[in-house]
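Here's a quick tour of the model on your screen. We'll go from charged pairs to the overall fold, and end with how far to trust it.

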Amino acid sequence: MTMRSETRTTGFEPVTPKEKSQLLANVPLEPSGFKAQLSGLVMEIHVGSQYVIRRPDDPQDICFVVRNGQVEIRDESGERILCRGDFFGEEALTGTSEQPYRSFTKVVSQEGADLLTVKAVDVARIRRTMWQS
């Protein structure tokens, strides 16, 4: 998947390690200690207003955590708004990354948002390393 993002030129502060840890706290990752190793691989992106972050047939390879702003998830049951600390695409972290997203039809940034990205390949690499040691 090609990630298109926009960088903000004013008012943007890089995410600190402490903030990264706090934002990852609710993302379902096991075993304990795993998030600390993953924290260094988490990337931050900024998406502009009305940017479509995820479509139904996109590969399931990234989990997104909202740092700032809001994103709207539209699915068969309606719409819901995600804010700071909320996440979506966590299916990418379960090891079933070949399947397309089925739980929603579209994820859109309404006013622009800063997101943390957790890539499935990074999660798999860390898991392999942990099990080998």
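A residue counts as buried here when its relative accessible area is under 20%, and as exposed when that area is over 50%, with partly exposed in between. Keep that cut-off in mind, and keep in mind too that this is a predicted model.

By that yardstick, R67 and E19 are both buried. Their side chains also meet in a salt bridge, with N to O at 3.0 Å. This pair ties together distant parts of the chain: E19 sits in helix α1 (residues 17-24), R67 in strand β3 (residues 62-75), and 48 residues separate them.

How many salt bridges turn up in the whole structure? The search finds six. Here are three of them, side by side:

| Salt bridge | N to O distance |
|---|---|
| R67 and E19 | 3.0 Å |
| R54 and D58 | 3.6 Å |
| E72 and R74 | 2.6 Å |

Take the E72 and R74 pair, where the closest N and O atoms are 2.6 Å apart. Is each partner buried or partly exposed? E72 counts as buried because its relative accessibility is 8%, while R74 has a relative accessible area of 24%, so R74 is partly exposed. Elsewhere, salt bridges with shared partners join E19, E44, R67 and R84 into one network.

Then there's D58, which has its place in the loop between β2 (51-54) and β3. Despite the loop address, D58 counts as buried, because its relative accessibility is 18%, and the cut-off is under 20%. Its salt-bridge partner R54 is buried too. What else does the D58 side chain reach? That side chain comes to 2.8 Å from the backbone nitrogen of R55. So around D58 you can look for two things: the salt bridge with R54 at 3.6 Å, and the backbone nitrogen of R55, with D58 itself buried at 18%.

Now for the cysteines. The disulfide count comes to zero. C63 has a relative accessible area of 0%, so C63 is buried. C83, at 30% relative accessibility, is partly exposed.

Stepping back to the whole fold, the protein chain has three helices and six strands. In what order do they run from the N terminus? The order is α-α-β-β-β-β-β-β-α. Of the 133 residues, 41% count as buried. The accessible surface is about 7,500 Å², and carbon and sulfur atoms account for 50% of that. As for who touches whom, take the contacts between residues at least 6 apart in sequence: 78% of them join residues at least 24 apart.

And how far should you trust all this? The chain averages a pLDDT of 78, and 77% of the residues score at least 70. Among the elements, strand β1 (residues 43-47) has the highest mean pLDDT at 92, and helix α2 (residues 34-39) has the lowest at 74. Over residues 1-11 the pLDDT is below 50, though beyond near neighbours in sequence this stretch still has 18 contacts in the model. Predicted coordinates should not be read in detail where pLDDT is low.

Technical notes
Residues are numbered from 1 along each chain as its sequence is written. This is a predicted model: local features need pLDDT of at least 70, side-chain atom pairs count only at pLDDT 80 or more; totals for chains, interfaces and linings use all residues. Side-chain values use heavy atoms; hydrogens and water are left out. Helices (H or I, at least four residues) and strands (E, at least two) are DSSP runs, numbered from the N terminus. Buried means under 20% relative accessible area, exposed over 50%, partly exposed in between (1.4 Å probe, protein chains only). Contact means heavy atoms within 4.5 Å. Accessible areas come from the Shrake-Rupley method with a 1.4 Å probe; for residues, only the protein chains shown count as cover. A salt bridge is a side-chain nitrogen of Lys or Arg within 4 Å of a carboxyl oxygen of Asp or Glu. A polar contact is a pair of N or O atoms within 3.5 Å; within protein, one must be able to donate a hydrogen and the other to accept it, and residues adjacent in sequence count only if both atoms are side-chain atoms. A disulfide is a pair of cysteine sulfur atoms within 2.5 Å. pLDDT is the predictor's confidence in each residue, from 0 to 100.
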